[in-house]
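Me: Please give me a close look at a single part of this model: its strand pairing, and the contacts that go with it. Keep it brisk.

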Amino acid sequence: MKLHLTNSAEKNVFTGYGPGYVVVNQKRYDNNLITMPDHIIDNWQVQTFEQLSEEHFEILLTFQPEIVLLGTGATLRFPSPLITKKLIEIKTGVEVMDTNAACRTYNILMAEGRNVAAALLITK
């Protein structure tokens, strides 16, 4: 699916997604990644949902997002609350949804000027 958002020349926005990929600013990513308005971590070191751990979210602590959208792949799955405990302790919101919904929600929040991070599991 292609997405369109205006007034995004300087920010990272999802411009498309599909089975096994997302597109940020017209660049395709086939791997798990974290996208923020001004930064992309395209080598997010998590392989599968089952391997998610607290350490995978520590990289976000330095960026201090208001909210983290965890895209869990093609289906919605909830991780253990222990995994996102540190984010919640610093008053960072955490929302879990499928990856496609996370892309759409990220674009809306980013367009509102929110400091949002989308941590996405890309399932093949």
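Reply: Two strands count as paired if DSSP finds at least two bridges between them. The model is predicted.

Start with strand 4, residues 33–36, and strand 8. They pair in the antiparallel sense, over three bridges. Within this pair, Ile-34 stands opposite Ala-119 of strand 8.

Now widen the view. Strands 4 and 8 belong to an open sheet of five strands, ordered 5-4-8-6-7. The pairing in this sheet is mixed. Strand 5 (39–41) and strand 7 form the edges. Each has a single partner strand, so one side of each lacks a neighbour in the sheet. On average, neighbouring strands here are turned by 15° against each other, direction ignored.

Take the edge strand 7 in more detail. Strand 7 covers residues 93–97 and holds Glu-95. Is Glu-95 buried, partly exposed or exposed? Glu-95 counts as partly exposed, because its relative accessibility is 41% and that class lies between 20% and 50%. Beyond its neighbours within four places in sequence, Glu-95 is in contact with Ile-67, Val-68, Leu-69 and Leu-70. Glu-112 lies 17 residues away from Glu-95 in sequence. The C-alpha to C-alpha distance between Glu-95 and Glu-112 is 17 Å.

Next, the other sheet. An open sheet of three strands runs in the order 1-2-3, with antiparallel pairing. Strand 1 and strand 3 (27–29) are its edge strands, and each pairs on one side only. Neighbouring strands of this sheet are turned by 20° against each other on average, direction ignored. Strand 1 and strand 2 are joined by four bridges and run antiparallel. Across that pair, Tyr-17 stands opposite Val-22 of strand 2. Helix 3 packs on this sheet and touches strand 1 and strand 2. The direction of helix 3 makes about 170° with that of strand 1.

Helix 3 includes Thr-99. Thr-99 is buried, because its relative accessible area is 5%, under the 20% limit. A polar atom of the Thr-99 side chain lies 2.8 Å from the backbone nitrogen of Gly-73. Setting aside residues up to four places away in sequence, Thr-99 touches Val-22, Gly-71, Thr-72, Gly-73, Leu-120, Leu-121 and Ile-122.

That leads to the nonpolar cores. In soluble globular proteins, nonpolar side chains tend to be buried together. Here, the largest nonpolar core has 20 residues. Those with the most contacts inside it are Phe-14, Val-22, Leu-69, Tyr-106, Val-116 and Leu-120. Which elements each supply at least two residues of this core? They are strand 1 (14–18), strand 2 (21–24), strand 6 (67–71), helix 3 (99–111) and strand 8 (116–120). Helix 3 gives the largest share, six residues.

Look at Tyr-106. Outside its neighbours within four places in sequence, its contacts include Asn-12, Val-13 and Phe-14. Tyr-106 is also in contact with Thr-35, Met-36 and Pro-37. Leu-69, Val-116 and Ala-118 are further contacts of Tyr-106. A second, separate core has 17 residues, among them Met-36, Trp-44, Val-68 and Leu-121. Met-36 thus belongs to that second core, and Met-36 is in contact with Tyr-106, a residue of the largest core.

Technical notes
Residues are numbered from 1 along each chain as its sequence is written. This is a predicted model: local features need pLDDT of at least 70, side-chain atom pairs count only at pLDDT 80 or more; totals for chains, interfaces and linings use all residues. Side-chain values use heavy atoms; hydrogens and water are left out. A nonpolar core is a set of buried Ala, Val, Leu, Ile, Met, Phe, Trp, Tyr and Cys residues joined through side-chain atoms within 4.5 Å. Buried means under 20% relative accessible area, exposed over 50%, partly exposed in between (1.4 Å probe, protein chains only). Contact means heavy atoms within 4.5 Å. Axes are lines fitted to C-alpha atoms, for helices over the stretch in contact, and angles run from 0 to 180 degrees between N-to-C directions. A polar contact is a pair of N or O atoms within 3.5 Å; within protein, one must be able to donate a hydrogen and the other to accept it, and residues adjacent in sequence count only if both atoms are side-chain atoms.
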